[in-house]
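Subject: Structure handover

Hello,

Here is the structure you are taking over. Please open it alongside this message, as the notes below refer to it residue by residue.

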Amino acid sequence: MTFRLTVAPEPEDERPAYRVKISQSINLVDIPAYRPRGIAVVEYHPEKPWDVRIVTRPTPEWSRRAEEAEIDSAPESTLVRDPDGGTGAWCLLVLVGLLAGAALVVLVFRGELFVSGDAGDGPAKPSSASRTFSTSTTVSGPSSSLLTFGRMRVTAMELEARVDSAYVTAITIEDHRMAVRGDSALPPAETVHLQSLPYELFPGLVREARTTLGVREPESWRIDVTPGTGGGVGPRVRVTVSGEEGTAHLDADAAGRVTDRRAVEVS
């Protein structure tokens, strides 16, 4: 979908509001949330203002700020473009919370999302057909470990674009590989939202698992993220490490806080 936004950076950025045009995949069931002249939360690159991405599931604090915000549309003359003419790679240089800013949605989506004909026909209804999907990617090259700061989130964004959905039922992360699978028939409450996870905290959880669970020389590690069990419980994050001594794991919540440990049993 194509969005035309007015981006209002945080005051400390000392940058006036500006306009930008972006393309981003949005789940069809979320379309009603992006109404014309509505307020949304975005991530943006301070040094590349054309690099803007709508946050589909912002934190409660940013959701509250968006609901209370009053933003005027910036003039067309402030429109910024990518000087290279492409979208480029999305790189997070600092934590998402420091990059987020409020944005005024001026034009939400292109006309082809609507039924052609008279205006009274109304918007097209999304297909109700369900589908299951799975995909993975292997990261290679210099500093290719997914423990490198920012690499997990960038990879998650790539997988989200590939499956055309941010809602998945399982995420697996290894040193050089990330995989997701999902089922579009499931409600959001029974899934994990790819961009809601604290990927920047995951390397610390891996370090803790490798050094505190009795595996002296870990040979491998893996992160598994699955939906919570309901009742407001968020996703479960499990970090598993394996070595000569055996296998151990720790569990964490959606905020990256350790909730349980299972160390190697000493015989």
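What follows is a summary of what was found, beginning with the overall picture and then moving to individual elements.

Overall

Please keep in mind that this is a predicted model. The protein has 267 residues, 43% of which count as buried. Its secondary structure consists of four helices and 14 strands. Among contacts between residues at least 6 apart in sequence, 66% join residues at least 24 apart.

Confidence

The average pLDDT for the protein is 76, and 75% of the residues score at least 70. Among the elements, β8 has the highest mean pLDDT, at 97, while helix α2 (residues 96–99) has the lowest, at 32. Across residues 87–128 the pLDDT is below 50, although this stretch has 106 contacts in the model beyond near neighbours in sequence. Where pLDDT is low, the predicted coordinates should not be read in detail.

The nonpolar cores

In soluble globular proteins, nonpolar side chains tend to be buried together. The largest nonpolar core here has 32 residues, and the members that touch the most others are Met152, Ile171, Ile173, Tyr199, Phe202 and Ile223. Two or more residues of this core come from each of α3 (151–163), β8 (170–173), β9 (177–183), α4 (202–212), β11 (220–226), β12 (236–243) and β13 (246–252). There is also a second, separate core of 13 residues, with Met1, Val7, Ile22 and Tyr44 among them.

Met152 is a useful residue to display when looking at the largest core. Leaving aside residues up to four places away in sequence, Met152 touches Leu146, Leu147, Ile173, Met178, Tyr199, Phe202, Pro203, Trp221 and Ile223.

Helix α3

Helix α3 has 13 residues and spans 19 Å from its first C-alpha to its last, close to the 18 Å expected at 1.5 Å a residue. Its buried residues are Met152, Arg153, Val154, Thr155, Ala156, Met157, Leu159, Glu160 and Val163.

Two of these can be looked at in turn. Thr155 lies in α3 and counts as buried because its relative accessibility is 2%, where the cut-off for buried is under 20%. A polar atom of the Thr155 side chain lies 2.8 Å from the backbone oxygen of Arg151. Not counting residues up to four places away in sequence, Thr155 touches Thr137, Val139, Leu146 and Met178.

Leu159 is found in α3 as well, and its relative accessible area is 0%, so it is buried. An α-helix has 3.6 residues a turn, so residues three or four places apart point the same way. With residues up to four places away in sequence again left out, Leu159 touches Thr135, Ser136, Thr137, Met178, Ala179 and Val180. Thr137 is 22 residues from Leu159 along the chain, and their C-alpha atoms are separated by 7.6 Å.

Around the helix

What follows α3, and what is the sign of its phi? The residue is Asp164, and its phi is positive, near 60°. Asp164 has this positive phi although it is not a glycine. Asp164 sits in the loop between α3 and β7 (167–168) and is partly exposed, with a relative accessible area of 44%.

Another loop residue is linked to α3 by a side-chain contact. Glu200, in the loop between β10 (192–193) and α4, makes a polar contact through its side chain with the side chain of Arg153, at 2.8 Å. Glu200 is buried, with a relative accessible area of 17%, and Arg153 is among the buried residues of α3.

The β3–β4 hairpin

Strand β3 (residues 39–45) and β4 pair in the antiparallel sense over four bridges. The hairpin that joins β3 to β4 does so through two residues. Tyr44 has Val52, in β4, as its bridge partner; Tyr44 also belongs to the second core.

Are these strands enclosed or open, and why? Six of the seven residues of β3 are buried, so β3 is largely enclosed by the rest of the structure. For β4 (residues 48–54) the count is five of seven, so β4 is also largely enclosed.

Regards

Notes
Residues are numbered from 1 along each chain as its sequence is written. This is a predicted model: local features need pLDDT of at least 70, side-chain atom pairs count only at pLDDT 80 or more; totals for chains, interfaces and linings use all residues. Side-chain values use heavy atoms; hydrogens and water are left out. Buried means under 20% relative accessible area, exposed over 50%, partly exposed in between (1.4 Å probe, protein chains only). Two strands pair if DSSP finds at least two bridges between them. A nonpolar core is a set of buried Ala, Val, Leu, Ile, Met, Phe, Trp, Tyr and Cys residues joined through side-chain atoms within 4.5 Å. Contact means heavy atoms within 4.5 Å. The expected span of a helix is 1.5 Å times one less than its number of residues. pLDDT is the predictor's confidence in each residue, from 0 to 100. A polar contact is a pair of N or O atoms within 3.5 Å; within protein, one must be able to donate a hydrogen and the other to accept it, and residues adjacent in sequence count only if both atoms are side-chain atoms.
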